[in-house]
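User: I should like to understand the reasoning behind several labels applied to this model. Please set each value against its criterion.

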Amino acid sequence: MSGLKRRKFLKLAGAGSVAATIGGVATATGSLNLARKLGSEDQNSNTITFRAITGMPQEPLPSYASYVIEGHVNLDTQSGTISKSVMAGNPEDMSNIALPGFSQLVRVTKAQQVDGIIQVEGMVDDRSQLQAGEAPEFVMHIDPTSRIVRASFFGSQIKLSLE
């Protein structure tokens with residue numbers, strides 16, 4: 001491995017999971033007056049579309065991977081789909097290679113807006129995708145004003161930045 005750089009190694013290690021990740025969910029567009037801050041412009045819907053990213057591990061350590069949460073949530077029907085992935089490379093130089101075993105689809109079970117914060121709860125339906133000790137429940141809070149998402153990662157609360 002002397003001639004193999006870390007970045008190329010991570011790309012090779014994640015190559016097997018690329019096909020599964022590519023077959024993920026396509027996100028829909030929509031809005032909510034508050035959701036316009038998330039990049040959506042459709043006035044006739046209460047659906048928000050988002051993408052949030054943070055480096056892993058988090059500061060003060062250097063990031064060698066990126067935790068990405070993206071999806072769409074309809075506040076009227078309290079439904080939607082969210083995809084969680086850990087991608088090779090830090091957020092500034094992220095590749096399109098998902099690290100094996102760290103991609104999950106979440107089915108939204110509850111979504112509401114409270115004091116300008118969008119609270120979303122969901123469930124990972126395919127429990128075979130869970131790591132040992134990882135809960136199937138997923139909770140996140142989207143603050144469009146500060147452009148911060150708070151979500152769990154293996155039981156720890158982390159902050160992600162909205163794109």
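User: Why is R51 called partly exposed?

Analyst: In this predicted model, R51 has a relative accessible area of 27%. Buried means under 20% and exposed means over 50%, so R51 is partly exposed.

User: What makes the contact of R51 with E70 a salt bridge?

Analyst: The closest N and O atoms of R51 and E70 are 3.0 Å apart. The criterion is a side-chain nitrogen of Lys or Arg within 4 Å of a carboxyl oxygen of Asp or Glu, so the pair qualifies as a salt bridge. Because R51 lies in strand 1 and E70 in strand 2, the pair ties together parts that are 19 residues apart in sequence.

User: Which salt bridge do E163 and R51 form, and why is E163 called exposed?

Analyst: The side chains of E163 and R51 meet at 2.9 Å, N to O, and the limit is 4 Å. E163 has 54% relative accessibility; exposed means over 50%, so E163 counts as exposed. E163 lies in the segment after strand 8 and R51 in strand 1, so this pair ties together parts 112 residues apart in sequence.

User: What makes R107 and D125 a salt bridge, and where do they lie?

Analyst: Their closest N and O atoms are 2.9 Å apart, and the limit is 4 Å. R107 is in strand 4, and D125 is in the loop between strand 5 and strand 6. R107 at 40% and D125 at 49% both count as partly exposed, because exposed means over 50%.

User: What joins R51, E70 and E163 into one network?

Analyst: Salt bridges that share partners join these residues.

How values were computed:
Residues are numbered from 1 along each chain as its sequence is written. This is a predicted model: local features need pLDDT of at least 70, side-chain atom pairs count only at pLDDT 80 or more; totals for chains, interfaces and linings use all residues. Side-chain values use heavy atoms; hydrogens and water are left out. Helices (H or I, at least four residues) and strands (E, at least two) are DSSP runs, numbered from the N terminus. Buried means under 20% relative accessible area, exposed over 50%, partly exposed in between (1.4 Å probe, protein chains only).
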